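Student: I would like to learn how to read side-chain features from a model. Where do we begin?

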Amino acid sequence: MTYPPPPPPPPQGYGYGPPPGVPPQQPDSNLVWGILVTVLCCLPFGIVSIINAAKVSGLWGQGQYAQAQKAADDAKKWAIWGAIAGVVVIVIYGVVGLAGGGLAYM
C-alpha cells in the first residue's frame with residue numbers, strides 16, 4: 001500500500017509581515033492598569049504609569065522598538081508599585097482605625 005505524498009510546505013513570505021529585526025507586534029502599553037491605579041490606589045504612581053504607557057505607541061511608530069518595550073515595562077512596573085502602595089495604605093488605615101476605635105470604648 002502506498003501513501004500519497006505529503007503536502008508541499010507553505011509558501012515563504014511575499015513581502016508580508018515585519019521586516020527582519022522588527023518584533024511581530026507592539027507591546028501592551030498597560031494604560032488600563034495605569035488608569036486604574038491612578039483612580040483607585042495611588043495617584044502619583046498611577047500618573048507615572050500613564051505617562052510611560054502613552055510613550056509606547058509613539059516610540060513604536062518611530063521604529064524605536066527597544067525603547068517602546070522599556071516604556072511598556074516601566075508603565076507596568078509603576079502600576080504594580082502603585083497597587084502595592086495602595087494596599088499597604090489601606091491595611092495601615094484599617095489597623096489604625098481598628099486600634100483607634102477600640103480605644104474609644106475603654
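Tutor: With the salt bridges, and with the caution that this is a predicted model. The count of salt bridges here comes to two.

Student: Which residue forms a salt bridge with Lys-70, and how far apart are the closest N and O atoms?

Tutor: The partner is Asp-74, and the closest N and O atoms are 2.9 Å apart. The second bridge joins Lys-77 to Asp-74, with 3.7 Å between the closest N and O atoms. Shared partners make one network of Lys-70, Asp-74 and Lys-77.

Student: How should I read the sequence spacing of such partners?

Tutor: Start from the general geometry: an α-helix has 3.6 residues a turn, so residues three or four places apart point the same way. In this model, Lys-70 and Asp-74 both lie in helix α3, four residues apart, which is about one turn of the helix. Lys-77 and Asp-74 are three residues apart in helix α3, so about one helical turn separates them.

Student: Is Asp-74 buried or exposed?

Tutor: Asp-74 has a relative accessible area of 16% and is buried, because the cut-off for buried is under 20%. Lys-77, at 31% relative accessibility, counts as partly exposed.

Student: Next, the aromatic rings. What describes a pair?

Tutor: A pair of aromatic rings is described by the distance of the centres and the angle of the planes. There are three aromatic pairs in this model. One of them is Phe-45 with Trp-78, a tilted pair with 5.4 Å centre to centre and 50 degrees between the planes. That pair links distant parts of the chain: Phe-45 belongs to helix α2 (residues 43-61) and Trp-78 to helix α3 (residues 65-104), 33 residues apart. Phe-45 is partly exposed, at a relative accessible area of 26%, and Trp-78 is partly exposed as well, at 22%.

Student: How is the pair of Trp-60 and Tyr-65 classified, and why?

Tutor: The ring centres of Trp-60 and Tyr-65 are 4.7 Å apart and the planes stand at 70 degrees, so the pair is edge-to-face. Trp-60 is buried, with a relative accessible area of 15%, while Tyr-65 is partly exposed at 25%.

Student: Which residues form an aromatic cluster?

Tutor: Phe-45, Trp-78 and Trp-81 form one aromatic cluster.

Student: What makes up the largest nonpolar core?

Tutor: Reading a core means asking who belongs and which elements contribute. The largest nonpolar core here has six residues: Val-56, Leu-59, Trp-60, Ala-68, Ala-71 and Ala-72. Helices α2 and α3 each supply at least two residues of this core. Leaving out residues up to four places away in sequence, Val-56 touches Ala-68, Ala-71 and Ala-72, along with Gln-26, Pro-27 and Ser-29.

Student: How do I check the length of α2 against its expected span?

Tutor: Multiply the rise per residue through the helix and compare the result with the end-to-end distance. At 1.5 Å a residue, the 19 residues of α2 should span 27 Å, and the end C-alpha atoms are 29 Å apart, which agrees. Just after α2, Gly-63 takes a positive phi of about 85 degrees.

Student: Which residues of α2 are buried?

Tutor: The buried residues in α2 are Gly-46, Ser-49, Asn-52, Ala-53, Val-56, Leu-59 and Trp-60. Take Ser-49, whose relative accessibility is 0%. Not counting residues up to four places away in sequence, Ser-49 touches Asn-30, Gly-34, Ala-75, Trp-78 and Ala-79.

Student: Asn-30 is on that list. Where does Asn-30 lie?

Tutor: Asn-30 lies in the segment before α1 (31-40). Asn-30 is buried, with a relative accessible area of 9%.

Student: Which backbone oxygen does the side chain of Asn-30 reach at 3.0 Å?

Tutor: That of Ala-72. In addition, the backbone oxygen of Asp-28 lies 3.3 Å from a polar atom of the Asn-30 side chain. For the wider surroundings, again without residues up to four places away in sequence, Asn-30 touches Ser-49, Ala-53, Ala-72, Ala-75 and Lys-76.

Student: Ala-72 has come up before, then.

Tutor: Yes. Ala-72 is one of the residues of the largest nonpolar core, and the backbone oxygen of Ala-72 is reached by the side chain of Asn-30.

Definitions and conventions:
Residues numbered from 1 in each chain as written. Predicted model: local features only at pLDDT ≥ 70, side-chain atom pairs only at ≥ 80, totals over all residues. Heavy atoms only, no water. Phe/Tyr/Trp six-rings, centres within 6.5 Å; stacked < 30°, edge-to-face > 60°. Buried < 20%, exposed > 50% of the residue type's maximum accessible area, 1.4 Å probe, protein only. Salt bridge = Lys/Arg side-chain N within 4 Å of Asp/Glu carboxyl O. Polar contact = N/O pair within 3.5 Å; in protein donor to acceptor, adjacent residues only side chain to side chain. Contact = heavy atoms within 4.5 Å. Core = buried A, V, L, I, M, F, W, Y, C linked by side-chain atoms within 4.5 Å. Expected span 1.5 Å × (residues − 1).
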